[in-house]
Amino acid sequence: MDSSGGTPGCMGQCTSFLRSHKGTVLALEIGLCIVILICYGASWTPSYTGLAIFEMVFSIVFFIIYTLGLNKQLAFVHWGWSDFIRAMIGALLFLITSLIVVIRHRDGAGIAAGVFGLLAGILFAYDAYITFPTLRKTHTAAPTGAEMQPPLGQGIRRTAAYNTTRGRLRL
């Protein structure tokens, strides 16, 4: 169903973002977190489910933000750095907890969750890897003193200068 303005609807935006490289990676992260959540829920020690829930929720939030183009509308947040930090924290936490689970647990569901967690850690690290080059492109140089000075004849008419010999302000 087409929208009245000729722009793609919500489903069109979702499928077009899902076909992009970043959309595919985010969808895989969400899917892997769901699988890990199911495996941890079926294991003897379901205490590691918090990490899977946390990363799944944040992946869904970023998926929605990128799908709707809110990253361009809400410019007060640097979405590239936010996404990079989310992916790095996810990679580190999944790798650490998955190694602990694979080494300590003996039940099949726990080991499966650990293996899927290792895969998720690698996927989150890959997400951080593909996000990092976009951080370098968005940097703009800060203006220097020469660029901030007004042209001759168009400056401030009255300037204040500090008179060093008498220690008072001169106009």
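**Entry 1: Glu-29**

I looked up Glu-29 first and found its place in helix H2, which covers residues 21–42. The model I am reading is predicted. Is Glu-29 buried or exposed? I noted a relative accessibility of 0% for Glu-29. Buried means under 20% relative accessible area, so Glu-29 counts as buried.

Next I asked which residues Glu-29 is in contact with, leaving aside neighbours within four places in sequence. I listed Ser-59, Arg-86, Leu-123, Phe-124 and Asp-127.

**Entry 2: the nonpolar patch**

I turned to the surface. A nonpolar patch there is formed by Val-35, Leu-95, Ile-111, Val-115, Phe-116, Leu-119 and Ile-122. Together these residues have about 530 Å² of accessible area.

Which helix gives the most to the nonpolar patch? I wrote down helix H6, residues 108–137, with five residues.

I picked out Leu-119, which lies in helix H6. Its relative accessible area is 45%. Partly exposed is the range between buried, under 20%, and exposed, over 50%, so I entered Leu-119 as partly exposed.

**Entry 3: the largest pocket**

I then checked for open space. The largest pocket holds about 290 Å³. How many residues line the largest pocket? I recorded 14 lining residues. Nearest the centre of the pocket lie Tyr-66, Asn-71, Trp-79, Gly-80 and Thr-134.

I also traced the lining to its elements. H2, helix H5 (79–104) and H6 each give two or more residues to the lining of this pocket.

**Entry 4: cross-check**

I went back over my notes on two helices. H2 holds Glu-29 and also helps line the largest pocket. H6 holds Leu-119 and likewise gives residues to the pocket lining.

Terms used. Residues numbered from 1 in each chain as written. Predicted model: local features only at pLDDT ≥ 70, side-chain atom pairs only at ≥ 80, totals over all residues. Heavy atoms only, no water. Helix = DSSP H or I, 4+ residues; strand = E, 2+ residues; numbered from the N terminus. Buried < 20%, exposed > 50% of the residue type's maximum accessible area, 1.4 Å probe, protein only. Contact = heavy atoms within 4.5 Å. Patch = residues over 30% accessible without salt bridge, like charges linked within 9 Å, V, L, I, M, F, W, Y side chains within 5 Å. Areas by Shrake-Rupley, 256 points an atom, 1.4 Å probe, with all protein chains shown as cover. Salt bridge = Lys/Arg side-chain N within 4 Å of Asp/Glu carboxyl O. 1 Å grid on protein atoms, 1.4 Å probe; cavity = no way out; pocket = protein on both sides within 12 Å on 5 of 7 lines; lining within 4 Å. Points joined across faces, edges and corners; volume = space filled by probe spheres on them.
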